[in-house]
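Visitor: I would like a close look at a single part of this chain, taken slowly and with its surroundings included. Please choose one helix, and then relate that helix to the rest of the fold.

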Amino acid sequence: MQMEYNRIADIKRLQFIIDSLKQHLPTGSVVLDVGCGNGIIARHLGSEGFNVYGIDVSSKAIEKARALTDFPNVSFDVISAEELVADGRKYHAIICSEVLEHLNQPEKLLNVLYQSLADDGVLIVTVPNGMGPREVLITKPVIALQKKDNWVWRCILKVKSMLGYKGTTVQSDADDLTHVQFFSKHSLENLARKTRFKIISFGKTNFIDDVFPFSFFTKKIKILQKWDGAIAEVLPYQLTGSFVTVWEKNP
């Protein structure tokens, strides 16, 4: 299958998910992809032979996921995670990738996922580092401008529109992709404990390849993205762009 991700950091995140599933998933199990968006992760897992069930509350995203997916071992539904508990089904692996940062109360979703996860299963969570370069230098200032809705923000919107920016990502066509949570490594670990999980594996993605003006060059020169990812591996966790993690139920 042709790689749909263009950024090295996204490919690195996907590979972390694949490797983690291969390490922990029993044969024949179904992977639940919560907040699957356009199904890009589900499709790649399907091409690797995994059985995947993707869900999202965005009908627009699921419509696109279905249109782009022709794997018989991958399916999608427009339902909320809360609806999963009613059928009582347990999953040996659940993916929650780039979802928690969009939720006002992420612990509510994690409590549902706890009930849906088999006792010996794993939950794979990926989130932006809320204290990392991208969130501090780009995301937070943009959100502050957006809330003010002044002439500066309107000018930014016009420029973004001229450059073809649509407000969506390769991962999701959902209408609202605003970040409302900014996790540090410490706060993510606290959230796991609060919801009866423990994080058994922590990984990193990138450093500054998606921060302007560096992003102007890294988008055009892929080797710079590879170097950026390699640099991230030797820097403290506080400086990674995103966290990629594996959780299990806390006995």
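Guide: What follows begins with one helix, turns to a residue within that helix, and then widens to the cores and to some backbone details of the chain.

The model is a predicted one, and its chain holds 10 helices and seven strands. Of the 251 residues, 47% count as buried, while the accessible surface of the chain comes to about 12900 Å², with 56% of that area belonging to carbon and sulfur atoms. Where contacts join residues at least 6 apart in sequence, 74% of them link residues at least 24 apart.

The part chosen here is helix 2, which spans residues 40-47 and is mostly covered, seven of its eight residues being buried. The buried residues of helix 2 are Ile40, Ile41, Ala42, Arg43, His44, Leu45 and Gly46, a list in which Arg43 and His44 stand beside Ile40 and Ile41. As for what surrounds them, the buried residues of helix 2 pack against two other helices, helix 1 (8-24) and helix 3 (59-68), and also against strand 1 (30-34), strand 2 (51-56), strand 3 (74-78) and strand 4 (91-97). Just after helix 2, Gly49 adopts a positive phi of about 95 degrees.

Within this helix, Arg43 merits a separate look. Arg43 has a relative accessible area of 2%, and because this value is under 20%, Arg43 counts as buried. A polar atom of the Arg43 side chain lies 2.7 Å from the backbone oxygen of Asn38. Arg43 can also be placed relative to another arginine, since Arg66 is 23 residues away in sequence and, C-alpha to C-alpha, 10.0 Å away in space.

From the helix, the view can now widen to the nonpolar cores. The largest nonpolar core has 29 residues, and those with the most contacts inside it are Leu100 and Leu123. The elements that give two or more residues to this core include strand 1, strand 2 and strand 4, each of which is also among the elements that the buried residues of helix 2 pack against. Helix 5 (106-116) provides the largest share of the core, namely five residues. Leaving aside residues up to four places away in sequence, Leu100 touches Pro106, Leu109, Leu110, Val125, Val127, Gln181, Phe183 and Leu191. A second, separate core has 25 residues, among them Ile18, Val74, Val122 and Val246.

Some backbone details complete the picture. Glu98, in the loop between strand 4 and helix 5, has a positive phi of about 55 degrees although it is not a glycine, and with a relative accessible area of 17% Glu98 is buried. Arg196, in the loop between helix 8 and strand 6, likewise is not a glycine and has a positive phi, here of about 70 degrees, but Arg196 is partly exposed, with a relative accessible area of 42%. In the loop between strand 6 and helix 9 (214-218) lies Pro213, and the peptide bond that leads from Phe212 to Pro213 is cis, with omega near 10 degrees.

Key
Residues are numbered from 1 along each chain as its sequence is written. This is a predicted model: local features need pLDDT of at least 70, side-chain atom pairs count only at pLDDT 80 or more; totals for chains, interfaces and linings use all residues. Side-chain values use heavy atoms; hydrogens and water are left out. Buried means under 20% relative accessible area, exposed over 50%, partly exposed in between (1.4 Å probe, protein chains only). Helices (H or I, at least four residues) and strands (E, at least two) are DSSP runs, numbered from the N terminus. Contact means heavy atoms within 4.5 Å. Accessible areas come from the Shrake-Rupley method with a 1.4 Å probe; for residues, only the protein chains shown count as cover. A polar contact is a pair of N or O atoms within 3.5 Å; within protein, one must be able to donate a hydrogen and the other to accept it, and residues adjacent in sequence count only if both atoms are side-chain atoms. A nonpolar core is a set of buried Ala, Val, Leu, Ile, Met, Phe, Trp, Tyr and Cys residues joined through side-chain atoms within 4.5 Å.
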